[in-house]
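Subject: Handing over a structure, with notes on what was found

Dear colleague,

I am passing on to you the structure shown below, and I would be glad if you could keep it open beside these notes while you read. The notes go through the core first, then the chains and their sheets.

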Amino acid sequence: MSELSPKVDGIVEAEVDRSAGPWREAWKGFRKSKVAVVGMVIVFFFIVVALVGPFIAKEGINEQFMADRLLPPSSEYWLGTDDFGRDILSRIIHGARISLWVGFFSVIGSVVVGSVLGIIAGYYGRWVDTIISRIFDIMLAFPSILLAIAIVSVLGPSLRNALIAIAIINVPNFGRLIRSKVLSIKEDEYITAAKGVGMKDARILFSHILPNSMAPVIVQGTLAIATAILEAAALGFLGLGAAAPEPEWGKILADSKNYLQSAPWTMIFPGLAIMLTVLGFNLMGDGLRDAMDPRMKN
Amino acid sequence: MTKPLLKVENLKKYFPIKKGVLGRVAGQVKAVDDISFYVNEGETLGIVGESGCGKSTTGRMLLRLLEPTEGTVEFDGKDITKLSAEEMRKTRRDIQMVFQDPYASLNPRHTIEKILGEPLLVHGIKSAKERNAKIREFLEVVGLSDFHAKRYPHQFSGGQRQRIGIARALMTNPKLIIADEPVSALDVSIQAQVLNLMQDLQTEFNLTYIFIAHDLGVVRHISDRVGVMYLGKIVEVSESEDLYANPLHPYTQALLSAVPVPDPDYIKQEVFLEGDIPNPADPPTGCTFHTRCPFKMDICTRAIPKLIEVEKGHSVACHLYPDGTDNDIKTDGGVIQ
């Protein structure tokens, strides 16, 4: 029959971009938002600083020039020196590495654990869901920073343990996010179709449900990096994160709090670094949300 | 005589209504209530009925995408309701489904190539070369082209997507295809194309169809036999032409008189229905149709009519046809002849 010819439904071929996958579409949307691009530039700036900075600003992280204590910003010390005569700029550059490292890896940890638990809870439902969801509820019943402090107290104060604590307290956020997404996706017809074709559960979960539930996780993950950096700084400030000479931003703030009035630059610049990084991630996250949320389209 | 490829007996699906914190079962929705039918190899059985009559539930139970509450589904000689999950998964190779909504039934993040390749992959065809050849072949078969393989579902029109859905169902060389309202989401002009395509494919691949629809016109076009469902039961089943020429059940008559006729001078003998479809959680006693039936008799409120063959190849479940009445209260639906 003539209906079998290829041109039946008459689509204008030229209009279709061949490689226009969903990720590419999201990227196009993201680029349109100026604020989001600014956020991304800030984030990339700090990533570059964290990667190459320590090779440029080799000297002075822990070098103490007692003669140059608490000097204001000058051509020699761009952002001034602290109470041990250490160059604040160098310490902030090294701190970027620590903060971003903690931010990224704690969030990756939360996402991986949260995704697995959330997918299992959402897909299998029943008692599995009840157990996992109640555990999340219990964890969310505590203020997150208190929970983090409790976990660090048990594990012992160190940067690594602070990272683990931050990862743990963020698990329920991601778990619940993914669970709710999975609950809606598993009712979609293409999942029924996948079952009908004869796929195994594992393939349905990881090839169909997981990629379709990732968009909100990427958004939430970007925003969570900002929170994680803040939490790491808070733990550092309380003396539960990085140990003494480490130039962790929160720790720098804590060490210089006595000089707030006499040498404000010791606190202002590390504070600004934290603020800018967090702002960058937040702007970028908001842009990603706009680009990836289908409700925002058109 | 051709042998039945699929034989369904006393199939039931009751959904429990749960109430309260403890999930106490407060009642049951009888979505599909004791239906029996068969489909011969190479033929098309149409199933029609209004929304909520259980026709989609029936389709899903045949693939065990929903577990039947009771009854047997005999496919190619074996009862698939008794298969283990893994055996069922393998059997799905032979029974495929085409879905109603071509926008929802394709994974938006997969390319057409991946969507069509997956059925092959899960049924053990590992060689990428072999898969690709097959994908290209079937794209061609459903009237699409090679270069469509790299695209995503959102780049296609509804009709094209439904062609992809049909191609996916064909990938594993199934014997039976269950089409759950495959054209009701499409424009009328596209509907005809897709229906013709399905008919061509039936001849080409010797397929058996169960074609579920709410549109009698569409069903007439494609079916050899048609079953009419009302509130979880089959009320009439017959050869397609016979059903349209000589509908026996008052419900079928009402459905047919609702089909528009493209002739302004044609005077219809209309049978109107009053009221709404009753609540399937609390169906009427006796014949479930008696609340809306223009020919209601005393017996209708008391006895459930059996599905009885009143003419050759034409069965109906209605007390109007004396052969169909059985004075025993509570009779179970018999096998459709």
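Please bear in mind throughout that this is a predicted model.

The core

The largest nonpolar core has 156 residues, and the residues with the most contacts inside it are A:Ala162, A:Ile166, A:Ile229 and B:Ile210. The element that gives the most to this core is helix H8 of chain A, spanning residues 201–237, with 16 residues. If you would like one residue to start from, A:Ile166 is a convenient choice: leaving aside its neighbours within four places in sequence, A:Ile166 is in contact with A:Val102, A:Ser106, A:Ala148, A:Ala228, A:Glu231 and A:Ala232.

Chain A

The secondary structure of chain A comes to 10 helices and 0 strands. Chain A has 298 residues, of which 44% count as buried. Among the contacts in chain A with a separation of 6 or more, 70% are accounted for by residues 24 or more positions apart.

Chain B: the sheet of 8 strands

In chain B you will find an open sheet of 8 strands, in the order E6-E7-E8-E3-E9-E10-E12-E11 and with mixed pairing. Its edge strands are E6 (95–98) and E11 (308–311) of chain B, each of which pairs on one side only, and the twist averages 25 degrees from one strand to the next.

At the E6 edge, E6(B) runs parallel to strand E7 of chain B (residues 176–180), to which 4 bridges join it, and B:Ile95 stands opposite B:Leu176 in E7(B). Helix H5 of chain B (residues 158–170) packs on the sheet here, touching E6 and E7 of chain B, and the direction of H5 makes about 175 degrees with that of E6(B).

Strand E3 of chain B, residues 44–48, deserves a separate look. All 5 of its 5 residues are buried, so E3(B) is largely enclosed by the rest of the structure. B:Thr44, B:Gly46 and B:Val48 point one way from E3(B), whereas B:Leu45 and B:Ile47 point the other way, and all are buried. Strand E8 of chain B (residues 208–213) runs parallel to E3(B) and is joined to it by 5 bridges, with B:Ile47 standing opposite B:Ile212 in E8(B). E3(B) also pairs with E9(B) in the parallel sense, over 4 bridges, and there the bridge partner of B:Ile47 is B:Gly227.

Further along the sheet, helix H9 of chain B (residues 250–257) lies across strands E9 (225–230) and E10 (233–239) of chain B, running at about 105 degrees to E9(B).

Chain B: two packed helices

Helix H5(B) also packs against helix H6 of chain B (residues 188–205), at an angle of about 20 degrees and with their axes 10 Å apart. An angle under 35 degrees counts as roughly parallel, which means that H5(B) is roughly parallel to H6(B). The crossing in which H5(B) passes H6(B) is right-handed. From H5(B) the contact is made by residues including B:Gly158, B:Gln162 and B:Ile166, and from H6(B) by residues including B:Ile190, B:Val194 and B:Leu201.

Chain B: the sheet of 4 strands

There is also an open sheet of 4 strands in chain B, with the order E2-E1-E4-E5 and antiparallel pairing. The edge strands, each pairing on one side only, are E2 (24–40) and E5 (78–79) of chain B. Strand E4 of chain B, residues 70–75, pairs with E5(B) in the antiparallel sense over 2 bridges, and the bridge partner of B:Glu74 in E5(B) is B:Asp79. Helix H1 of chain B (residues 55–62) packs on this sheet, touching strand E1 (4–19), E2 and E4 of chain B, and its direction makes about 70 degrees with that of E2(B).

One residue of this sheet can serve as a last landmark, namely B:Glu9, which has its place in strand E1 of chain B. Is B:Glu9 buried or partly exposed? B:Glu9 has 19 C-beta neighbours inside 10 Å, and therefore counts as partly exposed, since a buried residue needs 20 or more. The C-alpha atoms of B:Glu9 and B:Gln160, which are 151 residues apart along the chain, are separated by 36 Å.

With best regards

Key:
Residues are numbered from 1 along each chain as its sequence is written. Chains are lettered from A and ligands numbered from 1 in the order in which they are written. This is a predicted model: local features need pLDDT of at least 70, side-chain atom pairs count only at pLDDT 80 or more; totals for chains, interfaces and linings use all residues. A nonpolar core is a set of buried Ala, Val, Leu, Ile, Met, Phe, Trp, Tyr and Cys residues joined through C-beta atoms within 7 Å. A residue is buried if 20 or more other C-beta atoms lie within 10 Å of its own, exposed if 12 or fewer, and partly exposed in between; C-beta atoms are placed from the backbone. Two residues are in contact if their C-beta atoms, placed from the backbone, lie within 7 Å. Two strands pair if DSSP finds at least two bridges between them. Axes are lines fitted to C-alpha atoms, for helices over the stretch in contact, and angles run from 0 to 180 degrees between N-to-C directions. Angles under 35 degrees count as roughly parallel, over 145 as roughly antiparallel, 65 to 115 as roughly perpendicular and the rest as oblique. A crossing is left-handed if the near helix is turned anticlockwise from the far one by less than a right angle, and right-handed if clockwise.
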